[in-house]
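User: I keep running into words like "buried" and "salt bridge" and I'd like to know where they come from. Can you walk me through them on a real example?

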Amino acid sequence: MNNHQYRIDLNGHLADCEMNFRRLQKLLPSDVEAGDCLRFGVAANAVELHIKERAPYTTMLELRLAKPLFAELPVPALQVRMYHDASLAEVMGASGLRPVKPRYQYPNSAMYQRDEKAQQNRYLGEWLSLCLSHGRSLENPLNILEI
């Protein structure tokens with residue numbers, strides 16, 4: 001077993017959060033309000049952005065698939081907080097789970113990886129990139145999102 005202590009890559013984490021903020025800015029109109037839901041068609045499914053809370057310096061949203069990929073699996077969902085003053089967007093939770101810690105001892109009872117939070121933020125970036133490159137607005141199906 002590797003006894004090296006895991007170190008958080010702070011520069012990498014901030015870069016992921018900054019890029020996720022920029023991607024979300026491209027997807028969200030500036031007049032979005034709490035309670036709004038934006039839908040983007042991606043392949044045979046839809047990605048939904050639910051605005052949970054809107055404040056002057058932060059926005060809390062949930063990003064999820066409209067329908068499960070397989071009946072046996074839960075619908076993937078990410079809870080994301082956007083920090084407008086810092087231009088960062090960070091995953092706060094996934095599929096209704098409690099917020100994850102920046103790092104975990106491994107092994108642990110929940111079997112989280114040491115870099116669970118970093119993995120979730122990279123996953124958010126991949127999901128947003130997919131929406132930007134292949135998504136289309138379901139409110140106006142002819143409107144293809146631009147990168």
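Analyst: Sure, let's start with helices and strands: both are DSSP runs, where a helix is H or I over at least four residues and a strand is E over at least two, numbered from the N terminus. By that rule, the protein chain here has two helices and six strands, and along the sequence they come in the pattern α-β-β-β-β-β-α-β. Bear in mind that this is a predicted model: local features need pLDDT of at least 70, side-chain atom pairs count only at pLDDT 80 or more, and totals for chains, interfaces and linings use all residues. Residues are numbered from 1 along each chain as its sequence is written, and side-chain values use heavy atoms, with hydrogens and water left out.

User: Why is glutamine 120 called buried?

Analyst: Buried means under 20% relative accessible area, exposed means over 50%, and partly exposed is in between (1.4 Å probe, protein chains only). Glutamine 120 has 9% relative accessibility, so it counts as buried. You'll find glutamine 120 in helix α2, residues 116-134. Contact means heavy atoms within 4.5 Å, and leaving aside neighbours within four places in sequence, glutamine 120 is in contact with Val91, Ala94 and Val100. In the protein chain, buried residues make up 39% of the 147 residues.

User: What about proline 74, is it buried or exposed?

Analyst: Proline 74 is exposed, because its relative accessible area is 63%. Proline 74 is found in the loop between β3 (58-65) and β4 (77-83).

User: What makes arginine 22 and glutamate 18 a salt bridge?

Analyst: A salt bridge is a side-chain nitrogen of Lys or Arg within 4 Å of a carboxyl oxygen of Asp or Glu. The closest N and O atoms of arginine 22 and glutamate 18 are 3.0 Å apart, and that fits. The two residues are four apart in helix α1, so about one helical turn separates them. Arginine 22 counts as partly exposed because its relative accessibility is 44%, and glutamate 18 is partly exposed too, at 33%. The structure holds seven salt bridges.

User: Which parts of the chain does the salt bridge between glutamate 53 and arginine 81 tie together?

Analyst: In that salt bridge, the closest N and O atoms of glutamate 53 and arginine 81 are 3.8 Å apart. Glutamate 53 lies in strand β2 and arginine 81 in strand β4, so the pair ties together parts that are 28 residues apart in sequence.

User: How do you know that Ile8, Leu10 and Leu14 form a nonpolar patch?

Analyst: Patches are made of residues with over 30% relative accessible area and no salt bridge; nonpolar side chains (Val, Leu, Ile, Met, Phe, Trp, Tyr) are joined within 5 Å, and like charges within 9 Å. Isoleucine 8, for one, has 38% relative accessibility, so it counts as partly exposed. Isoleucine 8 lies in the segment before α1 (10-27). Together, Ile8, Leu10 and Leu14 have about 250 Å² of accessible area, where areas come from the Shrake-Rupley method with a 1.4 Å probe and, for residues, only the protein chains shown count as cover.

User: Which residues lie nearest the centre of the largest pocket?

Analyst: Tyr6, Ile8, Asp9, His13 and Ala118 do, out of 13 residues that line the largest pocket. The elements giving two or more residues to that lining are α1 and α2, and α1 gives the most, with four residues. A pocket is an open set of points on a 1 Å grid over the protein atoms alone, where a 1.4 Å probe fits, with protein on both sides within 12 Å along at least five of seven lines; lining residues have an atom within 4 Å of a point.
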